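Here are some exercises to work through with the model open beside you. Try each task before you read its solution.

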Amino acid sequence: MSNAFPIVYSGSALTPETPAPTTPKQVPHHGGPENPSAAALRARFPDAVQRVVVMWGETTVYVSGGSLLDIVRWLHDDPGQSYEYLSDVTAVEYRDLDRPIEVVWHLRSLAWRRFLRLKVEIQKGTPLEVASVWPVYKGADWLERECYDMFGIRFDGHPDLRRLLLWEQYKEGYPLRKDFPLRGRFSRSEQLRQALAALPESRYSMEELSIVDAFDELPADMRRRLRDGERTGE
Amino acid sequence: MASKRTVEVTLSTTGLDAQGRPVRVPLTATEDGTPVALEAPPSLEPDLEGEHMLINLGPQHPATHGVLRLVLELNGETVVRCIPHIGYLHCGFEKIGEYRQYNQIIPWTDREDYLNSMGNNVAFVLGAERLFGVETTPRCTVLRVMAMELSRIISHLVWVGTFCIDIGAYTPFLYAFQERENVYNMFEAWVGARLTTSGTRVGGMAADIPDGWLDRLKQFIRTFPGTIAEIDALLTRNAIWTGRTVGVGVMSPEDALNYGLSGPMVRASGVAFDVRRDFPYLDYETYDFEVPVGTNGDCYDRYLVRMEEMLQSVRILEQAVDRLPDGPVNVDDPRLILPDKHKATSEMESMIHHFKLVMEGPRPPAGESYVAVESPKGEKGYYMVSDGSSKPVRWRIRPPSFVNLSAIPKLVEGHLLADVITINASIDIVMGEIDR
């Protein structure tokens, strides 16, 4: 079989003298060596980087939401950083409801063998919106959709921000928010009633229905909702 | 909006009219009596050029490995568009975890990626231990490596068996599941459960290995490569097998990284990314093993990578057996580990510790940690945020097969419908982990 692609080796940007990575031992709670990318970010984006925290050996950079996409794009493209791998996108809401909601990105640089956590804080009372990193990482597609599904955070620039794990007509809100009760907002009888009353067509997206023109046969309210892209919940 | 695409199919058969009566076709002849060839009857097949068909693959379909639903737009037999739907098994693990103590979450980790339950248990407590700032004992570290590699072997065996069944080969499935049974028997002897093991605790393990267990493991290490060789002999050079897998579902290394693929999916594409080696945990850097890497990124390479990984797991197991030290399994910290039962019923201090641990649970300092391990499916991460109470503020699972599956439209579009089954099986999805 021919070798069609070059093999991408992780750690390729490091010099051969760099010691091989080892299991972290005796990691302090606070402090410790900082990821060099944090200093580079502070130098490159002095206004956007709010603070840097090193906790349990993991570097967290708090950035402002407005310049998130620029920062992520630079981290991805700059050969000195080359964060080519997006591990995770998620959000955190604290039990202290006055604390801002944090949107969290976990990035990996395979070439430099680095791990970086980016955070954007969204104050309560402001619209839960942040830029999508989908233009840089295609893998953010479902991760951001899940985050929208569970927290109601809108990712501007995401091509298809629909509910993912829950169905599109889910009306109870965003389950991982702290004001959402563990058993759900509706009673079991109401949940059952809604499940039985649902139309089979409601399990298809507008995109799918347009393939077979079943869209025109839907009830008027569902057509309007699908067409306007109205989001359920809240 | 596209034009109306309802396909009108004429319900008739050659020689019958619309009511089903036989049609008498008069023989025609020229005036001098010589017969004339009849014109071929007009084709009854409607012209389907440009007509696309909507197919709903799943959620209840044996080849979707659970309850995955793929809405496929087909042009003939070629997939034009694929729209996946997930969430049929969603039960809110992450929400439930916010109402549970750390040790009480461990049973939930069994149930997400249920083929790798022991590996998930280990991964979760690694994250929790970083949050608690605990270092485990040397014996516990080696036992956890054994647990992770054995569950990797289980998961890959199930994968290769079901992948074979999806493509149409049945025998390798039987070989694979027989070996899997051996590993499950070993887990049963170790922690008392087969599938939902809950084998770890924050700061240690639920149990030390029983007497004679290492001999069973050595026996397994001796015999298991033979099974792999049998499966390999059946499949690797099989014409049907290669015909169904070579060149199907190709992913370039750049795309594989950009789509966030991990584990065998990204390694088959030629990216040598293995969390065990690049971001080590459990002293994996001290073990001698190779990271197999594919060249073409197709389903065949994914098969080769996983087969080789099983043999590398056996290598790691051999080294782990050799180096397993004696000593305690659990850390010596009464704030984390339950006291012995006889002490809890006879000593006042142990009883208080027991009561506090059961009723309140151990409390980590406020903070957060993200610990990723190399699960059989890829990078599995547990992100935990604590506010200093005994229950996490946020418990996030980074599911590898969730991200791997999200690339399925990119993988299947342009392929035949039959290849959708192959590609979907090659991703190695577990819907319990995807939907959580």
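**Exercise 1: across the chains**

Two bridges join E1(A) to strand E6 (residues 271-272) of chain B, and the two strands run parallel. Before we go on, some housekeeping: this is a predicted model, where local features need pLDDT of at least 70, side-chain atom pairs count only at pLDDT 80 or more, and totals for chains, interfaces and linings use all residues. Residues are numbered from 1 along each chain as its sequence is written, while chains are lettered from A and ligands numbered from 1 in the order in which they are written.

*Task.* Find what Tyr9(A) stands opposite in E6(B), then describe the side of chain A that touches chain B.

*Solution.*
- Step 1. Helices (H or I, at least four residues) and strands (E, at least two) are DSSP runs, numbered from the N terminus. Two strands pair if DSSP finds at least two bridges between them.
- Step 2. Within E6(B), Ala272(B) is the residue opposite Tyr9(A).
- Step 3. Now widen the view: 54 residues from chain A and 59 residues from chain B take part in the contact. Contact here means C-beta atoms, placed from the backbone, within 7 Å.
- Step 4. On the chain A side, the elements giving two or more residues are strand E1 (8-9), strand E4 (85-92), E6, helix H3 (140-151) and helix H5 (206-212). E4(A) gives the most, with six residues.
- Step 5. Sort that side by class and you get 29 nonpolar, 13 polar and 12 charged residues. For the classes, Ala, Val, Leu, Ile, Met, Phe, Trp, Tyr, Cys and Pro count as nonpolar, Asp, Glu, Lys and Arg as charged, and the others, Gly among them, as polar.

**Exercise 2: a helix with a buried face**

*Task.* Which residues are buried in helix H2 (residues 68-77) of chain A, and what do they pack against?

*Solution.*
- Step 1. Set the cut-offs: a residue is buried if 20 or more other C-beta atoms lie within 10 Å of its own, exposed if 12 or fewer, and partly exposed in between, with C-beta atoms placed from the backbone.
- Step 2. Leu68(A), Ile71(A), Val72(A), Leu75(A) and His76(A) are the buried ones in H2(A).
- Step 3. Look down the axis: these buried residues fall within an arc of 130°, so they line one face of H2(A). The arc is that of the directions from the helix axis to the C-beta atoms.
- Step 4. The spacing fits a general rule: an α-helix has 3.6 residues a turn, so residues three or four places apart point the same way.
- Step 5. Their packing partners in chain A are helix H1 (36-44) and strands E3 (58-63), E5 (101-109), E6 (114-122) and E7 (129-131).

**Exercise 3: following E8(B)**

*Task.* Work out how strand E8 (residues 378-386) of chain B is enclosed and what it pairs with.

*Solution.*
- Step 1. Nine of the nine residues of E8(B) are buried, so the strand is largely enclosed by the rest of the structure.
- Step 2. One partner is strand E7 (residues 367-375) of chain B, antiparallel over nine bridges; Glu368(B) has Val385(B) as its bridge partner. E7(B) and E8(B) form a hairpin, with two residues between them.
- Step 3. Another partner is strand E9 (residues 394-398) of chain B, antiparallel over five bridges, with Gly381(B) opposite Arg398(B).
- Step 4. In E9(B) you'll also find Ile397(B), which is buried, with 24 other C-beta atoms within 10 Å. The C-alpha atoms of Ile397(B) and Tyr382(B) are separated by 4.9 Å, though the two residues are 15 apart along the chain.
- Step 5. Leaving out residues up to four places away in sequence, Ile397(B) touches Phe93(B), Glu94(B), Glu112(B), Tyr382(B) and Arg436(B).

**Exercise 4: an open sheet**

*Task.* Which strands stand at the edges of the sheet E1-E2-E3 (chain B)?

*Solution.*
- Step 1. Order the strands: the sheet is open, has three strands and pairs antiparallel as E1-E2-E3.
- Step 2. Strand E1 (53-57) and strand E3 (78-85) of chain B stand at the edges, each with a single partner strand, so one side of each lacks a neighbour in the sheet.
- Step 3. Five bridges link E1(B) to strand E2 (residues 69-75) of chain B, and Asn56(B) has Val71(B) as its bridge partner.

Terms used:
Two residues are in contact if their C-beta atoms, placed from the backbone, lie within 7 Å.
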